[in-house]
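Got the viewer open? Let's take a walk through this one, a stop at a time.

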Amino acid sequence: MRRAAFLGLLALLAGGASPASEAAGSCPSEKVSSQYARSVDRALRSGRDVWGEELIRSAAGPMYEGVSRRLEPLVFAEQRGGGGLTESGVHYLAFGQPAGPFGAGSLALHVADGSQILWDRADGPSLRLEVGGERYGACLARLGPPRLHRGYLPLLETTYVDGEGRHYAQESFAGRTTAAGPLVSFIRLTIDPHGRAVGIRFRSTNGPALTMSASRPQSVFIAWGGARPGAIGRAEYDRARLSVIGFWQRRLAEGTVFDIPESRVVDAERTLLIQNLILGWRYSAGNPYEEFSYPESVDVAQVMGDYGFETAARATLSKALAMTPERYPGWQMGEKLVAVAQHDRLFGNSRFLRSATPVLRGYLAALEQRLESGSGLLRREQYSSDIPDRVYGLHAQAVVWQGLRAVAQTWEATRQRELAQRARRLADRLEVGLRRAVRSSTRRLPDGSLFVPTRLLDHVQPYGRLTESRDASYWNLVMPFALASGLFAPGGPESRGVLRYMLTHGSRLLGLVRAGAFSLYGKTPSFPDSGTDNVYGLNVARFLADNDQPDQLVLSLYGALAAGMTPQTFIAGEAASIAPLRGRRYRSMYLPPNSAANATFLETLRLMLVHETATGLELAFATPRAWLRPGRHIAVRRAPTRFGPVSFELEAREGSLLARLTLPSRSRTSKLRLRLPRPFRITAVSVGRVDRTSETVDLSGRTGRLAVVVRYGR
């Protein structure tokens, strides 16, 4: 390969950035600076999201650039019991090609620094790449930013400079040579030895190593299926590469289209959908979290349904229904009632509902037996997977109440009226007990906020900071299940009071859910050492949307994108470090990738564009203002909702905006919000009634195709 072509390839793979060649021969220490550590410490000690609030008040609003400047990026992956999940400690990407709706069978785990490929599990067979006597990517200062092909496709691209100053570019992916063939990892390594011969070694734990040398610029192509690596030709590599690209483009085309004027957000959305289609029902992959997790996996199924992936969502729900509720059976049964009812409202699949109804009927009978006549609550059960205490859990009880009401509507609509009446009666009885227990347990604080404990009737005192103890941290993780259930009326005094408590007692940081992150910091971290656990941001996002908090939703989206996942590879774990961990500059995650953390970002984005209320639709209610600058375009196509599919487009021009909508007939209320860049305001609309204060056009009563011209000025 000619040198100019090689340098062009380096620039392409690195996205315009290349590793610092001046670092060749040395590897600077990746220690956190004292100034950075003090800044993080101050933010963690505050009861408020001081960084997030500052960004909300700024002229630009809470955008990606503002969030990304606050924290060092996520790079490392931690395993259970401590230590790195991979040999280098860097996170991996799970690659595969699902043959059906349950996710991929075999998985190839490609470490993001380009150093290693693991087969199926982090402790499984591996292939390690060594260049010039060192592990590829061994010095992070000389590693170009890992990224995905075209920003979102599952082909990992890296660049590296070894200690002698020789340059490398690598691309790797996992695919099949035939439709029914086994999964194979493919690698293209491009080498520029700068006139000095270099040894290359692909070392497999399950067979002899493959070694070669290069004294001129060239590319080599390797295939590895878990045993011995082998050299292949460019044509075979290119065929597999095109096949993988085509496969994922077709799969993404099956779902809802969100076209927004920010490529980074679009890339993240597409990447996370691909990840979750690969993971299927799994909570994670290649580590101890490769399991069906309650309630998280059921939440993931709901979000995949929200994005139009009916078959994938139904497969996960079918697996959930085949599993016997254990540990906290009430909560598990409630989650499945909610999810099946939602799936039926979105897709109306009568065959699936018929197959699910015998199981749900059994849940209804079990819940009827669990309702105590004295307390009016479902009997005590385990608090969570990590806390064995038996409690009247508000989070679990509220989800059961939500599920009973939802499935009653489903059964009523499908003429199973006896089941509908039983479910409604039980929901009403449980609601009486719940509201009585909440009133008895709630505390109004001097600052006007409201503390509602998740351990009902246990005389729990308000927490000063939600990361000060294990119990406080878990309140912050599970309370959103109750908040998103509808038990507390949106916009009502209870919702406003609890939201105020969360915002003033350390619930959020850059829009992410804060937590003790005990899996990273140990069982008894010293305050304020803590992290985030944005798996549970999904129901926070639903609560924020229900209570019309657009700026907080925007902050949540960019917090997840810039601080909750890795840059350009979009990998998230269950927990992530915020306080520096072991003095390292780059931050760590616990057992990534994580399908539920992915679902949090996806659901937040959807809620910003399509929010369903009890009576209808709220469209574009929380878009970043920058998305409606002149020349920008937003489109949503084929978004399933309980009222029918919805599509709309917003085209911003100088002084005007054109909205084209297709509204479903079952929606009694339809509203469109236009969050214009400041200081612009709506002056007139061609259709509907406009509330200029809230920037909202009321289109209620109108269905089908509609065009709205909006004029604005200063």
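Rings of Phe, Tyr and Trp (its six-membered ring) count as a pair here if their centres lie within 6.5 Å. What you are looking at is a predicted model, and by that ring rule the count comes to 19 aromatic pairs.

**Stop 1: a cluster of rings**

Select Phe 173, Phe 186, Phe 221 and Tyr 237, and show their side chains: ring pairs link these residues into a cluster. Now keep just Phe 173 and Tyr 237 highlighted. How do their two rings meet? The ring centres are 5.3 Å apart and the planes stand at 65°; since over 60 counts as edge-to-face, that is what this pair is. Colour strand E9 (residues 167–176) and helix H5 (residues 234–252) as well: Phe 173 sits in E9 and Tyr 237 in H5, so the pair ties together parts that are 64 residues apart in sequence. Are these two residues buried or exposed? Both Phe 173 and Tyr 237 are buried.

For another edge-to-face pair, jump to Trp 475 and Tyr 501, with 5.4 Å from centre to centre and 80° between the planes. This pair links distant parts of the chain, with Trp 475 in helix H13 and Tyr 501 in helix H14, 26 residues apart. Trp 475 has 0% relative accessibility and counts as buried; Tyr 501, also at 0%, counts as buried too.

**Stop 2: H13 and its partners**

Stay here and select the whole of H13 (residues 470–483) and H14 (residues 493–504). Their axes come within 12 Å and cross at roughly 160°, so H13 and H14 are roughly antiparallel to each other. The crossing of H13 past H14 is left-handed. Which residues make the contact? On H13, pick Trp 475, Met 479 and Leu 483; on H14, pick Val 498, Tyr 501 and Met 502. Sorted by class, this contact has six nonpolar residues, with no polar and no charged ones.

Next, add helix H11 (residues 394–413). H11 and H13 pack at an angle of about 25°, their axes 8 Å apart, and are therefore roughly parallel to each other. H11, too, passes H13 in a left-handed crossing. To see the contact, show Leu 394, His 395, Ala 398 and Val 399 of H11 with Val 478, Met 479, Phe 481 and Ala 482 of H13. The residues in this contact of H11 with H13 divide into seven nonpolar, one polar and no charged.

**Stop 3: a covered helix**

Select helix H7 (residues 296–306). How many of its residues are buried? Eleven of its eleven, among them Glu 296, Asp 299, Gln 302 and Asp 306. Bring the neighbours back one at a time to see what does the covering: H6, helix H8 (310–321), helix H9 (329–347), H13, helix H16 (537–546) and helix H18 (595–609) are included. Following H7 you'll find Gly 308, whose phi is positive, near 90°.

**Stop 4: a loop with a faraway neighbour**

Last pick: Pro 261, in the loop between strand E15 (257–259) and helix H6 (263–279). Pro 261 is partly exposed, with a relative accessible area of 23%. Draw a distance from its C-alpha to that of Ile 634: the separation is 6.5 Å, though the two residues are 373 residues apart along the chain. Leaving out residues up to four places away in sequence, Pro 261 touches Trp 627, Arg 632, His 633 and Ile 634.

Technical notes. Residues numbered from 1 in each chain as written. Predicted model: local features only at pLDDT ≥ 70, side-chain atom pairs only at ≥ 80, totals over all residues. Heavy atoms only, no water. Axes fitted to C-alpha atoms, helices over the stretch in contact; angles between N-to-C directions. Helix = DSSP H or I, 4+ residues; strand = E, 2+ residues; numbered from the N terminus. Parallel < 35°, antiparallel > 145°, perpendicular 65-115°, else oblique. Left-handed = near helix turned anticlockwise from the far one by under 90°. Contact = heavy atoms within 4.5 Å. Nonpolar A, V, L, I, M, F, W, Y, C, P; charged D, E, K, R; others polar. Phe/Tyr/Trp six-rings, centres within 6.5 Å; stacked < 30°, edge-to-face > 60°. Buried < 20%, exposed > 50% of the residue type's maximum accessible area, 1.4 Å probe, protein only.
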